[in-house]
Amino acid sequence: MTTQTFLHERDRSRQAFLSRSTLLTSLVLIVGMLVVLVLNALPESSAWHVSNATVSLLGKYFTYMLLALAVDLIWGYLGILSLGHGAFFALGGYAMGLYLNAQTSPLPGWQSIMTYFPVAALAVLLAPGLLALVFGWLAFRSRVTGVYFSIITQALTFALMLAFNRNEMGMGGSTGLTRFYELLGFSLASEGMTVALFVASGMAVLLAFWLCQAITVSRLGRVSVATRDAEARVRFIGYRVDHVKLALFVVSAMIAGVAGALYVPQVGIINPSTFAPLFSIEVVVWVALGGRATLYGALLGALVVNYLKTVLTGVMPDAWLFILGGLFVLVTMLLPQGIAGVISTWRGKRRDGEKQDRQEVSA
Amino acid sequence: MSVIDSTRFDRLREFARPDRVFDFMAPAQSPVDVRHGPILYLEDVSVSFDGFQAINRLNLTIDDGELRCIIGPNGAGKTTMMDIITGKTRPDHGQVWFGSRHNLLTLDEPQIANLGIGRKFQKPTVFEALDVTENLELAMAGERRVWKTLLARLDHEGQARIDEVLETIGLSGERYRLAGVLSHGQKQWLEIGMLLMQRPRLLLVDEPVAGMTEPEMHRTAALLTRLAGQQSVVVVEHDMGFVRSIARQVTVLHQGSVLAEGTMDDVSSDPRVVEVYLGGDEEAA
Amino acid sequence: MTKIQHSAGRFLTRLLTHSMLLCLLLACGLGIGSAASAAPGEPQAQAEEEPRALLEALDTRSFEDKGDAAQAIAESAAEQKTRWLQALLDGRLGKERRGERFYIITDDSGREWPIIDAITFEDAGTGTRRTVEAFKINNDLRTRIEGLLASLSLNAGDEASRLSAAQRLVGEVTAGNADRVRGMRDDEESDAVRDQLDVALALYDVQQGDIEALGTLRGNLDTRVRNTLSSIAAGDSELAAEAQSVLGGIESKRAWYDRAQTLFFGLSAGSILVLAAIGLAITFGVMGVINMAHGELIMIGAYTTWMIQQALPGQPGLALALAIPGGFLVAGAFGVLIERTVIRFLKGRPLETLLATFGLSLILQQLVRSVFSPLNRRVTSPDWLQGAWQINEALSLTLNRLAVLLFCLAVFAGLWALMRYTRLGLEVRAVTQNRAMARAMGVRATRVDMLTFGLGAGVAGLAGVALSQLTNVGPNLGQSYIVDSFLVVVFGGVGNLWGTLVAGMSLGVINQVLQPWVGAVLAKIIVLVGVILFIQKRPQGIFAPKGRTS
């Protein structure tokens with residue numbers, strides 16, 4: 001009922017892969033990246049110069065945007081609220097962290113295979129993917145849904161946080177993995193690397209956005225929206241709801257894993273606090289603020305909230321939790337469709353207005 | 001003793017069936033075998049919830065192409081019976097066969113749906129965030145696997161089928177409207193239309209005219225009568241007037257088992273049925 | 001020049017102190033002497049003779065002789081013997097260095113010790129290390145004196161002191177005192193003391209090679225018995241084999257008590273979980289509301305306790321008694337506020353409610369951090385909650401944990417009665433089962449919602465009061481319980497009070513049982529994963545209502 005009640009007739013163009021919002025979002029992403037690169041290339045004396053630190057910060061935002069996409073794919077389009085997506089993000093991050101550590105000193109035991117980049121890249125996808133596969137298979141098969149699912153995902157990430165805090169895990173205990181120096185033979189401290197990681201993150205966002213867009217406009221996407229709204233009905237017309245959910249959950253977990261892998265070299269550390277339930281639930285508020293069930297909304301939400309966080313924690317650190325908490329309350333109560341909802345209501349009204357104008361003119 | 005033996009025997013038979021030894025050898029949608037007459041066959045089915053006997057040694061046979069109405073007071077077990085047939089609820093004991101080949105108790109909801117049993121819920125359930133065409137497209141018989149669904153495109157044949165069904169349910173003018181904004185009656189028809197897209201052999205329809213206006217009810221009656229013959233239809237309904245207008249064969253359920261069976265006239269003159277209903281419902285209708 | 005002056009000065013000081021001390025001693029001696037001489041009559045002098053001889057026997061370098069002397073004291077008829085032996089044991093019995101008097105030092109903490117005469121117990125002024133030489137003892141002697149003292153106090157005092165004396169005798173019975181102890185055992189009237197003496201004697205007999213005596217030691221939990229038996233069992237004889245079997249019995253009995261101890265710890269940990277979860281179970285079950293701020297309501301209850309205690313310094317008992325209604329009301333008021341301002345508007349949208357209440361939890365946490373401080377606060381427990389209830393050698397129950405367990409059961413019983421017997425309970429149950437129908441019957445569902453939420457929040461406050469007795473109070477207090485509480489609610493079956501009780505207790509016990517094997521963290525992980533798997537097997541919880549779900 002909450003979805004687009006203002007639209008009596010479906011906008012057919014939104015179904016196409018190359019819809020206006022897809023094109024616009026892609027364009028904004030690409031142009032934004034190019035602008036940052038150009039400004040970064042300007043001499044430091046220039047007032048327009050964008051420092052490497054800022055580029056790195058923007059790269060970090062890109063990885064958050066990826067994570068938000070992952071959450072939106074299953075929450076917005078499938079109705080599965082995961083409060084544990086930080087776990088997949090962190091697993092991808094740890095896989096990358098092991099690889100980076102292996103560049104300077106050999107790793108013990110099984111971890112030594114992480115020395116090779118292709119193996120590490122595979123692990124970035126497989127570790128979160130397999131966890132999502134096993135966990136999702138168990139959960140969806142026995143039809144754990146709604147808040148129950150949310151709670152057990154939270155328990156999952158909490159359990160993993162405890163596990164990774166243990167030194168016996170061989171993951172650096174509570175300090176986590178740090179001291180990264182080289183990636184693919186290049187120094188992480190170099191200027192080129194900062195830019196390269198920024199571009200890689202931006203491209204990853206673009207690719208993941210296209211992937212999610214392709215999924216959501218496909219028949220599978222519509223089955224998942226149908227599942228979100230009337231799960232039993234979908235089952236009784238013959239779809240295996242558990243398979244649909246599992247597939248999207250695994251894809252989503254893998255996107256989150258990639259985000260974590262790109263996050264680690266830019267931030268320089270990965271530790272168990274990434275598994276903390278707070279981080280995972282923060283991601284949900286990015287998506288909620290941006291507008292779930294719209295992919296560009298998730299991207300926008302991640303960017304806005306994290307920019308706010310960067311600014312505010314610098315200016316008045318005590319106020320940040322008040323503001324974050326307030327965001328949770330206000331968005332759920334006043335903006336259930338998020339910023340994207342506001343935009344499309346506004347556009348819808350304007351279009352209706354135009355239509356009326358035209359009718360009046362013709363009449 | 002006989003119960004134990006028969007289930008054991010069933011299991012053995014199930015195990016030894018040549019087409020089921022290896023699951024992957026079984027055709028994905030083996031056709032329903034109705035050579036022996038009945039398309040749906042319930043024998044001695046019982047189920048209880050926390051001591052409440054919802055279904056009590058129920059026997060029911062539906063023939064191929066039949067339109068059967070099932071009536072009964074509240075709590076007679078009508079909806080639970082549908083739950084059992086569609087795989088939502090597992091009976092404590094008994095047998096449910098679809099045709100003479102498919103033991104429904106070994107299958108889950110999607111498998112049963114894909115065999116060709118469609119179900120309409122009591123409360124109209126359509127995908128409100130999707131438009132009418134999309135609702136029908138999703139229900140269209142065909143590939144259900146995740147990967148194939150991802151790559152599926154609506155071809156001309158499918159489009160033609162959708163147009164046909166839209167015509168049948170009278171929603172051609174609403175094809176691009178969101179299902180969520182349809183009227184109550186339109187949602188009911190859309191749901192029936194979705195069942196038709198599945199090309200089912202057996203349609204289970206739970207209270208199709210609840211909350212409908214008089215003209216809508218007539219239209220629904222016409223729709224259901226037209227369907228019978230092409231597929232078997234089982235209608236559960238409270239509204240006696242409606243049942244009288246469509247029914248050829250009526251089954252009365254009471255306290256989880258069959259109380260009476262026959263034509264509407266036979267059944268309504270049965271003193272036990274009259275007693276169960278206390279005449280109240282009939283007069284009201 | 002200066003050097004000479006210096007040493008001359010030092011010499012003078014020393015001389016002065018010495019002479020002053022001498023004067024002091026003389027004065028004392030004169031005083032006592034005059035007192036003694038002033039007392040007329042021979043008998044007193046004679047009575048003094050014998051005790052003096054007893055004490056003089058102690059003045060020897062050989063510890064063995066000292067022991068014999070102590071034994072002689074114990075066996076003598078001297079009235080002061082208990083006090084002498086105690087003083088000897090404490091190293092406070094001494095002899096005048098340049099004289100014949102014996103003193104008891106009453107306080108040896110300072111440089112100048114207040115002393116009393118050892119025979120007359122009259123005040124003898126002060127003494128120092130220079131003037132009084134305390135009798136030295138070694139470990140063997142100490143053990144021997146302790147045994148002597150124990151057998152002495154067996155003759156005197158009330159039952160409690162006789163019992164503790166008998167307990168001290170275990171392992172201290174020697175050839176020297178065995179017969180006396182045996183005699184005392186026969187004269188003893190109290191069963192408890194006699195049993196204890198039997199154990200002490202049996203242990204002695206076993207050491208002497210008496211197999212029969214082993215029977216008395218069967219199932220005894222005393223560490224000294226166990227140690228002695230295991231050294232005997234190490235040998236290779238019939239006695240050793242028998243001792244081994246008795247020891248086996250003891251070990252298995254100990255194991256049982258250990259299990260009881262684990263069970264107790266598990267139940268007390270579980271009762272915390274139940275207290276934390278039961279309010280959640282009410283709000284979740286009745287209103288379908290996931291309240292992520294529940295942990296912060298617990299925290300508010302704990303802070304309320306702390307604040308009441310700050311307001312009533314020095315009266316922790318009264319403060320705690322006031323904190324129980326106080327915590328309930330304050331947290332309940334917060335709950336009603338949350339319900340009225342936020343949750344009311346999110347009816348029927350559980351995921352949104354979850355997010356909004358999570359936001360509230362962040363705000364409340366930060367509020368506490370800003371108003372109080374990010375640091376943890378300590379709530380002092382009243383005396384009667386400190387310490388432990390020692391049931392036997394192997395089993396002791398910490399009082400605060402016991403109190404929390406009882407408190408949890410009381411809260412549970414109260415809630416259960418509330419749900420069962422009051423109008424509110426009836427309305428709540430009606431709303432739980434069928435909201436629309438209850439409303440049609442005239443139940444004011446919104447009012448029920450408000451009260452239910454207030455009740456759930458109030459119970460969270462009570463959990464906070466209980467928690468404040470076990471851990472420190474800090475802004476993160478609630479957060480650490482929220483994941484566990486949700487698991488308990490889901491594990492127990494939503495809206496099911498009994499389910500919550502059973503689930504909480506069993507999770508507490510399972511966790512406690514696993515801990516010694518795998519460690520605390522891994523135990524917690526195992527429990528978490530176990531519950532996750534369980535929920536997937538039975539999504540409706542332990543006590544799943546079976547029925548048609550439409």
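How many of the 22 residues of α14(C) are buried? That count comes with the first close-up below, and everything shown here is taken from a predicted model.

**View 1. Helix α14 of chain C, a mostly covered helix.** Here's the count: 17 of the 22 residues in α14(C) are buried. The helix takes in residues 350–371 of chain C. You can check its length yourself: at 1.5 Å a residue it should span 32 Å, and its end C-alpha atoms sit 31 Å apart, so the two figures agree. Keep an eye on α14(C), since it gives the largest share of the side of chain C that touches chain A.

**View 2. Where chain C meets chain A.** Chain C puts 34 residues into this contact, and chain A puts in 38 residues. On the chain C side, α14, α19 (479–492) and α21 (520–537) each bring at least two residues. Of these residues on the side of chain C that touches chain A, 14 come from α14(C), the largest share. Sort that side of chain C by class and you get 26 nonpolar, five polar and three charged residues.

**View 3. The largest nonpolar core, and a second one apart from it.** The largest core holds 280 residues. Which residues have the most contacts inside it? They are L66(A), A68(A), L69(A) and A155(A). Also on show is a separate core of 54 residues, with A118(C), I137(C), Y204(C) and A243(C) among its members. Now zoom in on A155(A): setting aside neighbours within four places in sequence, A155(A) is in contact with V483(C), L487(C), L528(C), V531(C) and I532(C). As a rule of thumb, nonpolar side chains in soluble globular proteins tend to be buried together.

**View 4. Where chain A meets chain B.** This contact draws 28 residues from chain A and 27 residues from chain B. From chain A, the helices α7 (219–229), α8 (231–236) and α9 (241–267) each supply at least two residues of the side that touches chain B. Which of the elements gives the most to that side of chain A? It's α7(A), with seven residues. By class, the side of chain A that touches chain B divides into 14 nonpolar, five polar and nine charged residues.

**View 5. Helix α3 of chain C and its buried side.** This helix runs over residues 63–75, which makes 13 residues. From first C-alpha to last, α3(C) reaches 18 Å, close to the 18 Å expected at 1.5 Å a residue. Its buried residues are K66(C), G67(C), A69(C), A70(C), I73(C) and A74(C). Why do they count as being on the same side of α3(C)? Because they cover an arc of only 160° around the axis. It helps to remember that an α-helix has 3.6 residues a turn, so residues three or four places apart point the same way.

**View 6. Chain B and its parallel strands around β7(B).** First, some background on the chain: chain B has 12 helices and 10 strands. Of its 285 residues, 44% count as buried. Among contacts in chain B with a separation of 6 or more, 68% join residues 24 or more positions apart. In the close-up, strand β7 (residues 202–206) is mostly covered, with four of its five residues buried. Strand β6 (residues 117–120) of chain B runs parallel to β7(B) and is joined to it by four bridges. To find your place in that pair, look for K120(B) opposite V205(B). Strand β8 (residues 232–236) of chain B also runs parallel to β7(B), through five bridges. There, L203(B) has V233(B) as its bridge partner.

**View 7. The open antiparallel sheet of chain B.** Four strands line up in the order β2-β1-β4-β5. Which two are the edge strands? They are β2 (52–63) and β5 (102–103) of chain B, each pairing on one side only. Strand β1 (residues 38–49) joins β2(B) through eight bridges, and the two run antiparallel. In this pair, L42(B) stands opposite L60(B).

**View 8. G173(A) in its loop.** This glycine is found between α5 (146–165) and β1 (182–183) of chain A. Buried, exposed or partly exposed? G173(A) is partly exposed, with 14 other C-beta atoms within 10 Å. Leaving out neighbours within four places in sequence, G173(A) is in contact with N165(A), R166(A) and N167(A).

Definitions and conventions: Residues are numbered from 1 along each chain as its sequence is written. Chains are lettered from A and ligands numbered from 1 in the order in which they are written. This is a predicted model: local features need pLDDT of at least 70, side-chain atom pairs count only at pLDDT 80 or more; totals for chains, interfaces and linings use all residues. Two residues are in contact if their C-beta atoms, placed from the backbone, lie within 7 Å. Ala, Val, Leu, Ile, Met, Phe, Trp, Tyr, Cys and Pro count as nonpolar, Asp, Glu, Lys and Arg as charged, and the others, Gly among them, as polar. The expected span of a helix is 1.5 Å times one less than its number of residues. A residue is buried if 20 or more other C-beta atoms lie within 10 Å of its own, exposed if 12 or fewer, and partly exposed in between; C-beta atoms are placed from the backbone. The arc is that of the directions from the helix axis to the C-beta atoms. A nonpolar core is a set of buried Ala, Val, Leu, Ile, Met, Phe, Trp, Tyr and Cys residues joined through C-beta atoms within 7 Å. Two strands pair if DSSP finds at least two bridges between them.
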